[in-house]
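This report walks a new reader through selected features of one protein model, beginning with charged pairs and moving on to helices and a loop residue. Please keep the sequence and the structure in view while reading.

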Amino acid sequence: MPLSLPQVQEIVLKSGKVSPEDLNEAVKTAKHLEVPLEEVLVGRRLISPEELGGLLAEAYRISYLDLKTLELNREVLKLVAEEFAESHHVVPVEVRDNVVTLAMEDPSDLEAIEFVKKQTGYGVMPAFTDKAGMSQALRLYKGTLKEEFAELVEKTTVKRVDVNRPLVELAKDVSVVKAVDALLSSAVVEQASDIHLEPLGNEVVVRYRIDGVLNDVLILPSELHPALVARIKILANLKLDETRLPQDGRMQFLSKKGDKVSLRVSVLPTVEGEKVVLRILEEVLQHFSLNSLGLEADQEKRVARSINKPHGMVLVTGPTGSGKTTTLYTILGMLNTVGVNICTVEDPVENRIRRVNQTQVNPQAGYSFATGLRSLLRQDPDIIMVGEIRDQETAKIAVNAAMTGHLVLSTLHTNDAPGTVPRLLDLSVESFLLASTLELVVAQRLIRKVCKHCLVEYAPQKNWEETLKQVVNDEAELTEVLTLFPKKLIGGKGCPKCRYSGYRGRMGIFEVMGVSEAMRELIVKQKSGAELRRVARAEGMKSMLMAGMMKVASGVTTVEEVLRVSLE
């Protein structure tokens, strides 16, 4: 049997690496959310995955392997069938002296050990690894998308689909079903956020958005296009025979890891044919902490102070795809305790959160953010999350809810934190009401992190001081940025793990604007965003560029990436 929660609690307590108070809080959260204690400890940055892995491995009396840092041999992986490796979460790492080292999430799984012995003919030396390392290792079993489709096109009827057959039959063709499954599975493995199918005359281009950037991954013959689109339409409950108007839908599939994955589907008629975009929404919520999202220590404290107030309004702003929903879900996870009633109205519900009452807008049925928000107020909520403030009605109801003893969380589309106030005033919110309810505004962007597997250090080749002078208008801010500028820069030279981009993974950079008494006076007087920014900076708010340069100074990202994102 795997280690139980009390056993893990005792192991961590004895190590002294986590204070008893923090550990007790983590235990309560783990029980409340019904998730492993390990997940909460790592998610809250109370202990590193490597430290925790070492402690648990010691309890099992075996060694710990960090699979995220090991280069695994595909030939060794083939010693254990992919299906068995995924179902039992085991991975063969190396063979030496007729003994295979077997990385396992559950070293007490004797059935798995015996099976590997029989299948390989080798002795087995188990080693412990964590969930993140196992997940990364299991991805290596997958062939590339090109290999999968080459095999499909060669061995099945995919390429020879008769376009004159009825669309329903096309969508049910075995090879078409396999093709769509391969596209979806590969996107999940690559950790893509979106899948694009773009018809270009005599071919179809498949692109994945990975770490915020679109990458061409496959070019298919145009004969496949009608069949692939028909299959996706059926899965998303869209009209097969409608090709002249845009359509939006939603679908689900089960990944090979057993995770339920939701996709938002958009079909758009173009002059070349129907373009399809699928947004991937993982239903299994990842447990982030404010620190792991990318907030600096002082920003984290400011957010924590505001969200623990009994009432008021906390807003997260930024463009589409900047991680606003993830930030809100992280805050909800921190607030989700036994003593509160949390209700949300979203479009769509991207992640399910246990013991949070989540509803989804339905414009066709007349259920909008405004009507949903009104309904939530009759549900005796302590905390309300509104997916987005889009119109005057929603804005006014949200402000009134914050006035009447509720903590209201929501998002807004503005370029920076101070710009939130003029935007809400434009939505006809009374300035005196806004001044008395607004507690905090968090503006954010996502930056790509330098790939750890091909990281190199180099001296600046460019006169960055001149470049920064051209883009930073505030003299005080320019001085701060140049003070932070490191003598040595870091970058990724490109490797297979980052698709030769030099970047792998993303994190946020933030502007966190608290609303002080001085700020409230400016809001009542309806001062401009520039004036609000001046006061906020004087009170200690870091600009987006400043937050980004702190990430450059700590070796997380590059100057080019910060300028690309913070100045957009």
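With which residue does Glu 393 form a salt bridge, and how far apart are the closest N and O atoms? In this predicted model, the partner of Glu 393 is Arg 374, and the closest N and O atoms of the pair are 2.4 Å apart. Because Glu 393 belongs to helix H17 (residues 392-403) and Arg 374 to helix H16 (residues 369-376), the salt bridge ties together parts that are 19 residues apart in sequence. Glu 393 is partly exposed, with a relative accessible area of 39%, and Arg 374 is likewise partly exposed, at 35%.

**Salt bridges around Arg 533**

The count of salt bridges in the model comes to 26, and two of the others have Arg 533 as a partner. In one of these, Asp 416 pairs with Arg 533, with 3.2 Å between the closest N and O atoms. Asp 416 sits in the loop between strand E14 (407-412) and helix H18 (420-426), while Arg 533 is in helix H23 (residues 529-538), so this pair ties together parts that are 117 residues apart in sequence. In the other, the side chains of Glu 511 and Arg 533 meet at 2.7 Å, N to O. This second pair also links distant parts of the chain, since Glu 511 lies in strand E18 (residues 503-514) and Arg 533 in helix H23, 22 residues apart.

The surroundings of these three residues can be compared through their accessibility. Glu 511 is buried, with a relative accessible area of 3%, whereas Asp 416 is partly exposed at 21% and Arg 533 is partly exposed at 22%.

The three pairs described so far are collected here.

| Pair | Closest N to O distance |
|---|---|
| Glu 393 and Arg 374 | 2.4 Å |
| Asp 416 and Arg 533 | 3.2 Å |
| Glu 511 and Arg 533 | 2.7 Å |

Elsewhere in the chain, Glu 198, Arg 207, Asp 216 and Lys 275 are joined into one network by salt bridges that share partners.

**Helices H24 and H25**

How are helix H24 and helix H25 oriented relative to each other? The axes of H24 (residues 544-553) and H25 (residues 559-566) come within 9 Å and cross at roughly 160 degrees, and the two helices are therefore roughly antiparallel to each other. The crossing in which H24 passes H25 is right-handed. On the H24 side the contact is made by Met 544, Leu 545, Gly 548, Met 549 and Val 552, which meet Val 559, Val 562, Leu 563 and Ser 566 of H25. Sorted by character, the residues of this contact comprise 7 nonpolar and 2 polar ones, with no charged residue among them.

**Helix H12 and a loop residue**

Helix H12 (residues 225-235) is mostly covered, with 8 of its 11 residues buried. Among the buried residues of H12 are Ala 227, Leu 228, Val 229 and Ile 232, and the list also includes Arg 231 and Lys 233. Just after H12, Asn 237 takes a positive phi of about 55 degrees.

Gln 191, finally, is found in the loop between helix H11 (174-189) and strand E4 (194-199), where its 44% relative accessibility makes it partly exposed. Leaving aside residues up to four places away in sequence, Gln 191 touches Arg 139 and Arg 504. Between Gln 191 and Pro 246, which are 55 residues apart in sequence, the C-alpha to C-alpha distance is 27 Å.

Note on methods. Residues are numbered from 1 along each chain as its sequence is written. This is a predicted model: local features need pLDDT of at least 70, side-chain atom pairs count only at pLDDT 80 or more; totals for chains, interfaces and linings use all residues. Side-chain values use heavy atoms; hydrogens and water are left out. Axes are lines fitted to C-alpha atoms, for helices over the stretch in contact, and angles run from 0 to 180 degrees between N-to-C directions. Helices (H or I, at least four residues) and strands (E, at least two) are DSSP runs, numbered from the N terminus. Angles under 35 degrees count as roughly parallel, over 145 as roughly antiparallel, 65 to 115 as roughly perpendicular and the rest as oblique. A crossing is left-handed if the near helix is turned anticlockwise from the far one by less than a right angle, and right-handed if clockwise. Contact means heavy atoms within 4.5 Å. Ala, Val, Leu, Ile, Met, Phe, Trp, Tyr, Cys and Pro count as nonpolar, Asp, Glu, Lys and Arg as charged, and the others, Gly among them, as polar. A salt bridge is a side-chain nitrogen of Lys or Arg within 4 Å of a carboxyl oxygen of Asp or Glu. Buried means under 20% relative accessible area, exposed over 50%, partly exposed in between (1.4 Å probe, protein chains only).
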